[in-house]
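Visitor: I would like to take a close look at one part of this protein, the places where oppositely charged side chains meet. Could you guide me through that part slowly, and then show me how it sits within the whole chain?

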Amino acid sequence: MRPVDEKILETMRDEGNMTPSALEQLDVTVANYASNRLSLMADYGLVERVAQGLYRITEAGEAFLDEELDASELEPAKE
């Protein structure tokens, strides 16, 4: 996890479903970087894709923000 990941998750918890472009408009991070980070966080179950380019925070993402989950213990989903 990187510091911006927590900021992305906090924004999603506050604002709801987000796209990388929306994160850029809210000055969280640039859209291309947000897209990469969201894809990676989806692999680890912290967010999920609800449509192409649209993500929502998961229960695991909420637990991470509430300090109930250590992200270092997560493993990527196997395809």
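**Charged pairs and their surroundings**

Guide: Both Arg37 and Asp5 are buried, and this pair is a good place to begin, with the reminder that the model is a predicted one. The side chains of Arg37 and Asp5 form a salt bridge, with 2.6 Å between N and O. The bridge links distant parts of the chain, since Arg37 belongs to helix α3 while Asp5 belongs to helix α1 (residues 3-15), 32 residues apart.

A second meeting of charges involves Arg13, which forms a salt bridge with Glu62, where the closest N and O atoms are 3.6 Å apart. Here too distant parts of the chain are linked, with Arg13 in helix α1 and Glu62 in helix α4 (residues 59-65), 49 residues apart. Arg13 also meets Asp66 in a salt bridge, at 2.8 Å from N to O. In that pair Asp66 lies in the segment after α4 and Arg13 in helix α1, and 53 residues separate them along the chain. Taken together, Arg13, Glu62 and Asp66 are linked in a network of salt bridges.

Are the members of this network buried, exposed or partly exposed? Buried means under 20% relative accessible area and exposed means over 50%, with partly exposed in between. Arg13 has a relative accessibility of 34%, so this residue counts as partly exposed. Glu62, with a relative accessible area of 26%, is partly exposed, and Asp66 is partly exposed at 41%. The count for the model comes to 4 salt bridges, among them the ones described here.

To see what surrounds these charges, we can return to helix α3, which covers residues 31-43 and contains Leu38. Leu38 counts as buried because its relative accessibility is 0%. Leaving aside residues up to four places away in sequence, Leu38 touches Ile8, Met12, Pro20, Leu23, Val47 and Tyr55. For one of these, Pro20, the C-alpha atom is separated from that of Leu38 by 7.9 Å, although the two residues are 18 residues apart along the chain.

Just as helpful is Thr29, found in the loop between α2 (20-25) and α3. Thr29 has a relative accessible area of 15%, and therefore is buried. With residues up to four places away in sequence again left out, Thr29 touches Val4, Ile8, Leu23, Glu24 and Ala34. Ile8 and Leu23 thus appear among the contacts of Leu38 and also among those of Thr29.

Now we can step back to the whole chain, whose secondary structure comes to 4 helices and 2 strands, following the pattern α-α-α-β-β-α along the sequence. Of its 79 residues, 35% count as buried. Among contacts with a separation of 6 or more, 50% are between residues 24 or more positions apart. A compact globule with 79 residues would have a radius of gyration near 12 Å, and the protein chain, with 11 Å, agrees with this. Its C-alpha atoms fill a box of roughly 30 × 30 × 20 Å along the principal axes.

Finally, the charges can be viewed as two sets, with 7 positive and 18 negative side chains, whose centres lie 6 Å apart. The protein chain exposes about 5,100 Å², and carbon and sulfur atoms supply 41% of that area.

How values were computed. Residues are numbered from 1 along each chain as its sequence is written. This is a predicted model: local features need pLDDT of at least 70, side-chain atom pairs count only at pLDDT 80 or more; totals for chains, interfaces and linings use all residues. Side-chain values use heavy atoms; hydrogens and water are left out. The radius of gyration is taken over C-alpha atoms; the globule rule is 2.2 Å times the number of residues to the power 0.38. Buried means under 20% relative accessible area, exposed over 50%, partly exposed in between (1.4 Å probe, protein chains only). Contact means heavy atoms within 4.5 Å. Accessible areas come from the Shrake-Rupley method with a 1.4 Å probe; for residues, only the protein chains shown count as cover. Lys and Arg count as positive and Asp and Glu as negative; His and the chain ends are not counted. The place of a charge is taken as NZ of Lys, CZ of Arg, CG of Asp or CD of Glu.
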